[in-house]
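Student: Please choose one small part of this structure for a close look, and then connect it to the rest of the chain.

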Amino acid sequence: MISVDGRSPNHQPIIQVQNVVKRFPVGDGEITVLKGVNFDVMPGEFVTIVGPSGNGKSTLLNMITGIDHPSEGDVIVTGQKVHTLSENELAIWRGEHLGIIFQFFQLLPALSLLKNVILPMDFVKKLTPKERKERALHLLDTVGLADQAQKLPSQVSGGQQQRAAIARALANDPPLLVADEPTGNLDSETSDAVFALFEQQVALGKTLAMVTHSRSLAARTPRVIEIRDGRIYSDSKSEGVKWGGGEGVTLSPVHSSDRRSPTPSPVHLQK
Ligand SMILES: Nc1ncnc2c1ncn2[C@@H]1O[C@H](COP(=O)(O)OP(=O)(O)O)[C@@H](O)[C@H]1O
Ligand SMILES: [Mg+2]
């Protein structure tokens with residue numbers, strides 16, 4: 001499919017966050033957690049979102065995944081206005097377009113790693129049961145868990161559980177992966193292995209948006225958005241700034257989608 005301007009739809013942002021405000025009721029009043037957030041993510045980008053605890057990072061990701069909805073503004077992901085979808089439509093949309101990875105893995109404890117990875121494919125029903133099993137085994141192999149497939153989550157380490165959760169997120173081959181502190185519960189060596197898997201997925205063409213508390217991991221991604229007090233404090237892409245987290249690392253503003261295509265820089269499309 002080619003869009004009206006002759007460029008492929010791949011040159012449209014995969015995530016558009018537009019003037020997003022989010023308030024939560026507290027007691028008699030309310031708190032404003034997001035105070036007008038705007039950014040786009042292009043297909044193929046690897047973006048980390050950093051910022052102090054309690055400053056709205058998870059709230060922002062929850063707008064992107066449709067776990068929650070904005071009080072004001074729009075969030076458009078894979079061309080969908082996420083907050084206009086019903087719960088049922090959301091589940092179908094997520095199944096096809098989104099892989100979500102959480103800090104505490106959230107594997108189903110009574111199912112083997114293999115069955116946990118098969119589950120999203122059972123929901124979408126695009127493959128035969130035999131193909132689902134073969135794909136799940138292949139994905140577990142990709143994340144280095146081929147020999148652990150029959151084990152329960154409780155029988156493997158945290159790092160192995162997170163790798164299984166990544167295999168699960170990849171089950172339906174979604175274009176977009178969203179991860180909230182995926183290494184927050186892992187030691188640094190295991191975090192490195194998980195981060196390497198993410199880099200591999202971006203190299204294969206996935207888009208990845210990851211909240212992380214780890215400045216050293218963020219410094220290794222092509223784009224870092226810093227959220228403070230509900231606003232974008234810095235965005236290494238729009239500013240072309242160095243973002244080294246004080247660790248002496250200088251980032252180039254070039255990001256992976258630029259590397260793949262010499263097309264003009266992303267435009268903000270008017271609806
Ligand atoms: N459902 C909710 N109801 C009320 N307040 C909330 C809710 N979810 C988050 N908050 C508040 O919003 C703020 C930002 O939270 P969060 O997005 O989880 O921060 P971060 O992920 O950056 O640590 C915090 O003050 C938190 O207490
Ligand atoms: Mg959080």
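Tutor: Happy to. Val77 stands opposite Gln80 in strand S5, and that is a good place to start. This is a predicted model, in which local features need pLDDT of at least 70 and side-chain atom pairs count only at pLDDT 80 or more, while totals for chains, interfaces and linings use all residues. Residues are numbered from 1 along each chain as its sequence is written, and chains are lettered from A and ligands numbered from 1 in the order in which they are written.

Strand S4 covers residues 72-77 and pairs with S5 in the antiparallel sense over two bridges (two strands pair if DSSP finds at least two bridges between them; strands are DSSP runs of E with at least two residues, helices runs of H or I with at least four, numbered from the N terminus). These two strands belong to an open sheet of four, ordered S2-S1-S4-S5 with antiparallel pairing. S2 and S5 (80-81) are its edge strands, each pairing on one side only.

At the other edge, S2 spans residues 29-41 and includes Glu30. Glu30 counts as exposed because it has 11 C-beta neighbours inside 10 Å (the limits are 12 or fewer for exposed and 20 or more for buried, with partly exposed in between). Beyond residues up to four places away in sequence, Glu30 touches Arg23, Phe24 and Pro25 (contact puts C-beta atoms, placed from the backbone, within 7 Å).

Phe24 also leads us to ligand 1. The residues around this ligand include Phe24, Val26, Val33, Lys57, Ser58 and Thr59 (near means a C-beta atom within 6 Å). Strand S1 (15-26) and helix H1 (57-65) each supply at least two residues of that shell, and H1 gives the largest share, three residues.

Now let's move to strand S7, residues 176-180, where five of five residues are buried. Both of its faces are covered: Leu176, Val178 and Asp180 lie on one side, with Leu177 and Ala179 on the other. S7 runs parallel to strand S6 (residues 98-101), joined by four bridges, and Gly99 stands opposite Leu177. S7 also pairs in the parallel sense with strand S8 (residues 207-211), over five bridges; there, Val178 has Ala209 as its bridge partner.

Val178 and Ala209 turn up again in the largest nonpolar core, a set of 64 residues (a core joins buried Ala, Val, Leu, Ile, Met, Phe, Trp, Tyr and Cys through C-beta atoms within 7 Å). They are among the residues with the most contacts inside that core, together with Ile64, Val117, Leu140 and Ala167. Leu140, apart from its neighbours within four places in sequence, is in contact with residues including Leu113, Val117, Ala149 and Ala167.

One more buried residue is worth a stop: Phe195, in helix H6. Phe195 counts as buried because 20 other C-beta atoms lie within 10 Å. Its contacts, leaving aside neighbours within four places, are Thr183 and Leu217. From Phe195 to Pro182 the C-alpha distance is 8.9 Å, across 13 residues of sequence.

Finally, stepping back to the whole chain: it has nine helices and ten strands, and 42% of its 271 residues are buried. Of the contacts with a separation of 6 or more, 69% link residues 24 or more positions apart.

How values were computed
Contact = placed C-beta atoms within 7 Å.
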